[in-house]
Amino acid sequence: MTTQRVTLAGCWVGLQGVDGGNAAANTAAIDLINILDTVEAPIVVLRRDFMIACFNKAAADVLGLLPSDVGRRSRDISALARLPRLE
């Protein structure tokens with residue numbers, strides 16, 4: 001069984017989906033996304049190089065993030081650039 005990058009539900013990208021049509025695994029990923037989107041606290045996930053990997057709906061609302069911000073450096077987002085010790 002191999003894994004591949006998949007895009008699920010809006011800006012949650014980079015989650016590992018199971019190759020071969022494993023519906024249960026993909027359903028679990030979608031369930032996780034739905035849970036994270038119901039959390040009222042903004043969640044922004046950064047890669048090791050401080051590029052935005054994904055974020056939940058609360059982060060989009062509070063920080064003004066758009067799906068096109070995925071892959072941008074955190075310092076290029078004004079709300080995140082104000083956090084000098086982030087990097």
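This report walks through the fold, the core, some individual residues and the salt bridges of the chain shown above.

**Ground rules and confidence**

This is a predicted model, in which local features need pLDDT of at least 70, side-chain atom pairs count only at pLDDT 80 or more, and totals for chains, interfaces and linings use all residues. Residues are numbered from 1 along each chain as its sequence is written, and side-chain values use heavy atoms, with hydrogens and water left out.

The score itself, pLDDT, is the predictor's confidence in each residue, from 0 to 100. Its mean over the chain is 77, and 74% of the residues reach 70 or more. Please take some care with residues 1-8, where pLDDT stays under 50. For that stretch the model has 27 contacts beyond four places in sequence, a contact being heavy atoms within 4.5 Å.

**Overall layout**

Three helices and four strands make up the secondary structure of the chain. Both kinds of element are DSSP runs numbered from the N terminus: helices are H or I with at least four residues, and strands are E with at least two. In sequence order the pattern reads β-β-α-β-β-α-α.

The chain has 87 residues, and 28% of them count as buried. Here buried means under 20% relative accessible area, exposed means over 50%, and partly exposed lies in between (1.4 Å probe, protein chains only). The accessible surface comes to about 5700 Å², with 55% of it belonging to carbon and sulfur atoms. These areas come from the Shrake-Rupley method with a 1.4 Å probe, and for residues only the protein chains shown count as cover. Among the contacts with a separation of 6 or more, 23% come from residues 24 or more positions apart.

**The nonpolar core**

Which residues form the largest nonpolar core? Its six members are Ile-52, Phe-55, Ala-59, Leu-65, Ile-77 and Leu-80. A core of this kind is a set of buried Ala, Val, Leu, Ile, Met, Phe, Trp, Tyr and Cys residues joined through side-chain atoms within 4.5 Å.

Ala-59 is a good place to start: leaving out residues up to four places away in sequence, Ala-59 touches Pro-42, Ile-43, Val-44, Gly-64 and Leu-65. Ile-77 sits in the loop between helix 2 and helix 3 and counts as buried because its relative accessible area is 5%. With the same sequence neighbours set aside, Ile-77 touches Ile-52, Leu-65, Asp-69 and Arg-72. The C-alpha atoms of Ile-77 and Leu-63 are 8.6 Å apart, with their positions 14 residues apart along the chain.

**Buried residues to look at**

Cys-54 belongs to strand 4 (residues 52-55). With a relative accessible area of 6%, Cys-54 is buried. Its C-alpha atom is 8.3 Å from that of Ile-43, eleven residues away along the chain.

Ser-74 lies in the loop between helix 2 (57-63) and helix 3 (78-81). Is Ser-74 buried or exposed? Ser-74 is buried, since its relative accessible area is 1%. Beyond its neighbours within four places in sequence, Ser-74 is in contact with Leu-46, Phe-50, Leu-80, Ala-81, Leu-86 and Glu-87.

One of those partners, Phe-50, has a backbone angle worth checking. Phe-50 is not a glycine, yet it has a positive phi of about 65 degrees. Most residues other than glycine have a negative phi. Phe-50 is placed in the loop between strand 3 (44-46) and strand 4, and is partly exposed at 24% relative accessible area.

**Salt bridges**

How many salt bridges does the structure hold? There are two, where a salt bridge is a side-chain nitrogen of Lys or Arg within 4 Å of a carboxyl oxygen of Asp or Glu.

| Salt bridge | N to O distance |
|---|---|
| Arg-47 with Asp-49 | 2.9 Å |
| Asp-69 with Arg-72 | 2.6 Å |

In the bridge between Arg-47 and Asp-49, Arg-47 is partly exposed at 38% relative accessibility, and Asp-49 is partly exposed too, at 33%. In the other, Asp-69 is buried, with a relative accessible area of 6%, whereas Arg-72 is partly exposed at 33%.

Asp-69 lies in the loop between helix 2 and helix 3. Apart from residues up to four places away in sequence, Asp-69 touches Ile-52, Gly-64 and Ile-77. Two of these partners, Ile-52 and Ile-77, are members of the largest nonpolar core.
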